[in-house]
Protein chains: 4
Amino acid sequence: MTDANTARLLISCPDRPGIVAAVSQFLYAHGANILDAQQHSTDPKGGEFFMRMVFHLEDLDVTRAQFERAFAEVVARPFGMSWRVAYADQRKRMAVLVSKTDHCLLELLWRVRSGEFDVDIPLVISNHDLLRETTEAFGIPFYHLPVTPETKAEQEAQLLALLEGRVDLVVLARYMQILSPEVVSRYRGRIINIHHSFLPAFVGANPYKQAYERGVKLIGATAHYVTDELDEGPIIAQDVARVSHRESVADLVGVGRELERTVLARAVAAHLEDRVLIFGNKTVVF
Amino acid sequence: MTDANTARLLISCPDRPGIVAAVSQFLYAHGANILDAQQHSTDPKGGEFFMRMVFHLEDLDVTRAQFERAFAEVVARPFGMSWRVAYADQRKRMAVLVSKTDHCLLELLWRVRSGEFDVDIPLVISNHDLLRETTEAFGIPFYHLPVTPETKAEQEAQLLALLEGRVDLVVLARYMQILSPEVVSRYRGRIINIHHSFLPAFVGANPYKQAYERGVKLIGATAHYVTDELDEGPIIAQDVARVSHRESVADLVGVGRELERTVLARAVAAHLEDRVLIFGNKTVVF
Amino acid sequence: MTDANTARLLISCPDRPGIVAAVSQFLYAHGANILDAQQHSTDPKGGEFFMRMVFHLEDLDVTRAQFERAFAEVVARPFGMSWRVAYADQRKRMAVLVSKTDHCLLELLWRVRSGEFDVDIPLVISNHDLLRETTEAFGIPFYHLPVTPETKAEQEAQLLALLEGRVDLVVLARYMQILSPEVVSRYRGRIINIHHSFLPAFVGANPYKQAYERGVKLIGATAHYVTDELDEGPIIAQDVARVSHRESVADLVGVGRELERTVLARAVAAHLEDRVLIFGNKTVVF
Amino acid sequence: MTDANTARLLISCPDRPGIVAAVSQFLYAHGANILDAQQHSTDPKGGEFFMRMVFHLEDLDVTRAQFERAFAEVVARPFGMSWRVAYADQRKRMAVLVSKTDHCLLELLWRVRSGEFDVDIPLVISNHDLLRETTEAFGIPFYHLPVTPETKAEQEAQLLALLEGRVDLVVLARYMQILSPEVVSRYRGRIINIHHSFLPAFVGANPYKQAYERGVKLIGATAHYVTDELDEGPIIAQDVARVSHRESVADLVGVGRELERTVLARAVAAHLEDRVLIFGNKTVVF
């Protein structure tokens with residue numbers, strides 16, 4: 001669906017007059033035709049400004065490197081911008097970490113194979129050896145890194161080694177281990193987890209059991225970036241499904257599977273399309 | 001919509017074979033034609049059984065009192081049932097407690113006036129004097145019972161006196177005071193509160209502010225029976241609405257108003273139609 | 001919620017490079033600080049471009065008239081723009097037309113009274129005399145214009161006379177008469193109707209009965225601008241609610257009431273906030 | 001999830017007093033303990049009555065054949081019932097018919113493999129040869145039956161031959177051919193189709209294009225039993241997703257894929273669990 005000849009510019013900076021004019025003028029002057037633009041300001045007086053612009057590259061009057069250098073000097077520096085540009089023809093790479101259940105993994109594999117997700121999956125890593133066949137059927141290498149309290153440090157070193165230089169994004173597709181601060185800090189803002197509850201309700205283990213015991217009438221799923229605080233990172237996507245007294249805990253797990261797949265896929269899509277900006281512990285999802 | 005000539009039988013008891021047969025046989029034998037029936041069991045072996053049966057009264061071969069006495073002896077006692085029967089022609093009476101905001105109150109008043117809710121509202125009580133005109137425009141007496149730490153005990157005594165013998169149900173339509181254990185125990189299972197979050201997320205004060213700060217992508221509302229544990233009572237109804245980074249706290253309050261009205265109305269409807277059974281800290285809503 | 005010191009600029013024109021740059025540069029140059037902006041293009045090559053920009057007026061270096069004149073010449077003409085600017089301090093005026101049911105009318109009246117809708121309602125007009133008291137309780141004049149085949153022409157003349165110069169928007173809040181082409185053309189793009197089905201399903205009369213007979217599992221409501229083709233105008237908002245075999249036609253009408261209120265309110269809010277652009281028989285809702 | 005030692009009894013008959021009593025008394029007398037029961041009546045006076053009862057078999061005092069024979073004589077005949085009983089340990093068999101797209105097929109295959117669907121898939125049949133590998137990876141035979149106007153009759157004969165005696169249910173998982181009346185009548189009430197719109201809106205070809213051109217704000221999917229009237233059969237399940245002016249036809253197709261998967265899966269689950277009763281052109285889904 002995405003034209004390979006496009007780029008996405010993501011910006012955040014203190015809000016003040018003239019930002020849109022400066023950016024759009026710069027793009028226009030260099031032959032970059034704006035296809036889509038969205039912006040948000042937490043407060044026009046002294047707040048933070050966010051913008052995503054999608055533009056055509058084909059009539060660019062300079063190289064990409066020159067374009068970026070010029071943007072940094074002419075626009076980004078005066079406004080104090082954090083910014084990055086992503087080119088549609090530079091395909092992202094994503095590792096998937098799993099444990100025992102396959103539904104989230106399969107959802108991601110299908111969407112990549114069907115072309116819905118514009119990403120490569122160079123490897124799948126698991127602390128169990130159960131989903132090897134499922135993964136390899138898609139022609140993707142599977143690595144089994146069992147984790148025990150004794151081997152955790154060593155395994156995480158191996159995990160980091162496997163990821164290093166090979167991925168832009170790490171997706172925890174029902175990976176039931178807590179990543180160490182080293183891994184989290186190495187991929188800050190680039191690890192997406194799916195939590196099987198409507199956070200911040202039911203933090204921690206067994207959220208479906210917690211939901212059953214509390215007698216809620218909706219259960220949820222939450223995709224968020226991983227931080228050092230368990231289940232506390234910036235939320236990207238959430239959804240819920242209606243339940244009643246009729247569902248057992250096992251039924252809730254079943255209903256939740258569908259939610260988890262959908263919500264994780266939605267969050268991964270937003271990340272891959274460079275539609276997410278992190279601000280403090282929250283996200284702007286354009 | 002409801003035929004005045006019907007009754008609703010609500011039952012809970014330990015599950016064991018023969019309950020449905022016994023109840024339906026009893027009703028049939030006495031000329032009570034079943035119009036609708038729903039049942040639920042937490043576990044067919046040793047769990048709790050719940051049933052709601054709606055039946056026509058017109059061909060009843062005995063008086064209502066005789067019918068109930070016979071049911072108690074012939075069916076309820078052998079199975080150890082908790083049970084009650086509600087007759088559609090015995091209209092329920094409901095008090096509404098409010099503070100400053102009118103949206104939940106108006107929703108209830110309008111549904112009563114339009115005939116959607118089969119209930120009388122003999123009085124509205126508030127700790128503020130703001131919604132008197134709104135209430136009286138519907139021809140309903142309004143009582144102002146201001147609450148301060150010093151006067152709380154006295155006011156609650158007045159509250160109990162006002163309610164005594166006049167209401168079957170108390171609805172807290174954004175009433176921002178905590179009821180004392182005396183009031184709660186006097187109307188156990190008959191006080192419905194609307195909490196402006198998707199419980200158990202954001203218990204306590206300012207849930208919209210909490211939701212804004214956590215950056216959730218859905219906000220919710222929860223209607224529940226009031227118990228002595230704040231925001232911990234059995235949940236009757238919940239719903240959510242999608243929000244994003246674009247909404248300020250004030251916007252969330254606006255979105256929430258619609259949710260609160262809808263969810264509270266749904267819970268009150270379920271209670272008025274005798275579709276709710278409380279079991280421990282949970283509900284069965286048929 | 002809206003700062004009175006803001007304006008909204010709505011633009012549509014053939015898409016081509018430089019539009020955003022030109023508009024934002026113009027606004028910046030005149031001291032109009034952009035608060036929010038959204039854009040859409042049906043096709044960057046030869047399609048139609050739409051934009052909504054919200055900006056602060058307080059530092060404007062010219063009068064509003066001068067600002068508009070300059071914009072027309074410097075920006076709008078070269079790009080062949082259709083455009084308009086709405087100032088938040090120029091409160092819109094809305095007529096409501098009703099027949100017998102009050103739920104949509106009350107929803108609108110409440111939202112105006114509570115300040116949620118930034119609009120005045122100078123009059124309510126009905127072909128029945130049933131909702132006079134409801135309307136006048138809000139201090140709003142009510143006009144009864146009964147319609148029969150014989151008097152239709154005359155009544156529409158009266159209707160036009162009542163509206164003339166007094167309203168910017170006409171809302172059909174379950175008004176069960178078809179407006180003549182004269183009225184429609186006089187208020188083109190400014191008459192909103194609520195249809196009680198998920199259009200284009202169940203066009204015409206008795207949609208809930210049609211829905212019941214078809215056995216659908218969801219019923220809907222649709223708010224749209226009125227055109228000369230019945231139920232065929234540009235759709236602004238739609239929503240649905242889940243139903244089942246349990247609901248009678250009367251139950252569907254009850255469920256639908258809630259939908260109609262919500263969907264109509266959402267569409268009216270979008271129109272009042274100048275978030276809707278009509279393009280052919282479709283809308284862009286920012 | 002389902003206990004193999006259970007059975008489901010489905011009944012429909014003219015409503016009259018005593019049905020529930022007779023059925024539940026019969027089950028109780030034969031040692032069949034009721035686990036769940038749901039009923040519905042279109043009208044207690046002269047309407048049609050529907051019931052689904054789930055019961056334990058283990059304490060049955062007779063063989064299944066004796067049980068059914070006795071039920072037919074003692075209960076079904078006097079009440080003029082249509083009825084059937086399904087035993088959880090008699091696993092159903094389902095054929096899947098597909099054309100070119102794999103998302104609905106994969107959803108079904110995955111739910112069978114994961115144990116969510118209690119069914120065997122003895123074969124997948126397609127008018128194209130594209131999904132052979134996908135199917136065979138699940139160990140399921142794939143048959144390619146190309147259809148042209150000339151060969152249609154012959155192919156349908158082959159189709160019937162392939163199905164004969166091997167399946168209880170036929171699922172059209174985006175099968176883009178119209179089945180002949182012979183096939184439809186052979187499997188009446190046992191062919192489920194997924195239509196990619198919210199029926200009855202957008203009957204026929206290219207519903208996403210129709211939806212795009214009408215400018216709807218929600219798109220839908222509908223699972224229904226196939227009858228001789230195209231897209232007119234009894235609806236089992238429907239759902240919708242929110243869209244806006246931003247989505248192209250291709251985007252709608254993408255959003256629709258998720259809807260189609262979910263809605264088809266929900267309908268197939270209901271059929272497999274014997275929760276659907278057909279009545280005229282409508283369904284009762286317990």
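**Chain C on chain A**

I superposed chain C on chain A and got an RMSD of 0.0 Å, with a turn of 180 degrees and a shift of 0.0 Å along the axis. The fit is by least squares on the C-alpha atoms of residues with pLDDT of at least 70 in both copies. I then checked the contact surface: 100% of the contact residues of chain C recur in chain A, and the same surface serves both copies. Contact here means heavy atoms within 4.5 Å.

I noted that this is a predicted model, in which local features need pLDDT of at least 70 and side-chain atom pairs count only at pLDDT 80 or more, while totals for chains, interfaces and linings use all residues. Residues are numbered from 1 along each chain as its sequence is written, chains are lettered from A and ligands numbered from 1 in the order in which they are written, and side-chain values use heavy atoms, with hydrogens and water left out.

**Interface of chain C and chain A**

I found 20 residues from chain C and 20 residues from chain A in this contact. The two chains bury about 1700 Å² between them, and carbon and sulfur atoms give 55% of that area. Buried area is the accessible area (1.4 Å probe) that two parts lose on being put together, summed over both.

How many salt bridges are there between chain C and chain A? I count two, a salt bridge being a side-chain nitrogen of Lys or Arg within 4 Å of a carboxyl oxygen of Asp or Glu. One salt bridge pairs the side chains of Lys45(A) and Glu58(C), at 2.7 Å from N to O. Three residue pairs are in polar contact across this interface, both residues at pLDDT 80 or more. A polar contact is a pair of N or O atoms within 3.5 Å; within protein, one must be able to donate a hydrogen and the other to accept it, and residues adjacent in sequence count only if both atoms are side-chain atoms.

On the side of chain C that touches chain A, I find that helix H1 (19-29), strand S2 (33-41) and strand S3 (48-56) of chain C each supply at least two residues. Helices (H or I, at least four residues) and strands (E, at least two) are DSSP runs, numbered from the N terminus. S2(C) gives the largest share of that side, seven residues. By class, that side has nine nonpolar, seven polar and four charged residues. Ala, Val, Leu, Ile, Met, Phe, Trp, Tyr, Cys and Pro count as nonpolar, Asp, Glu, Lys and Arg as charged, and the others, Gly among them, as polar.

**Record for chain A**

I looked up UniProt, where an unreviewed entry lists residues 8-83 of chain A as "domain: ACT". UniProt positions are in the numbering used here, feature names are shortened, and annotations may be inferred rather than shown by experiment. The end C-alpha atoms of residues 8-83 of chain A lie 10 Å apart, and the span is 36% helix and 36% strand.

**Chain A on chain B**

I laid chain A on chain B by a turn of 180 degrees and a shift of 0.0 Å along the axis, with an RMSD of 0.0 Å. That is the relation of a two-fold axis. In chain A, the C-alpha nearest the axis belongs to Ala201(A), at 2.3 Å. The copies meet through the same surface, because 100% of the interface residues of chain A are also interface residues in chain B.

**Interface of chain A and chain B**

Chain A and chain B each put 32 residues into the contact, and they bury about 2700 Å² between them, 55% of it on carbon and sulfur atoms. Which residues of chain A lose the most area to chain B? I list Arg214(A), Lys217(A) and His245(A), together 28% of what that side buries.

I count four salt bridges between chain A and chain B. One of them joins Arg214(A) and Glu232(B), with the closest N and O atoms 3.9 Å apart. There are 19 residue pairs in polar contact, both residues at pLDDT 80 or more. Helix H7 (207-214), strand S11 (235-242) and strand S13 (282-285) of chain A give two or more residues each to the side that touches chain B, and S11(A) gives the most, seven.

**Backbone**

I noted a cis peptide bond between Leu199(B) and Pro200(B), with omega about 10 degrees. Pro200(B) is in the loop between strand S9 (191-195) and helix H7 (207-214) of chain B.
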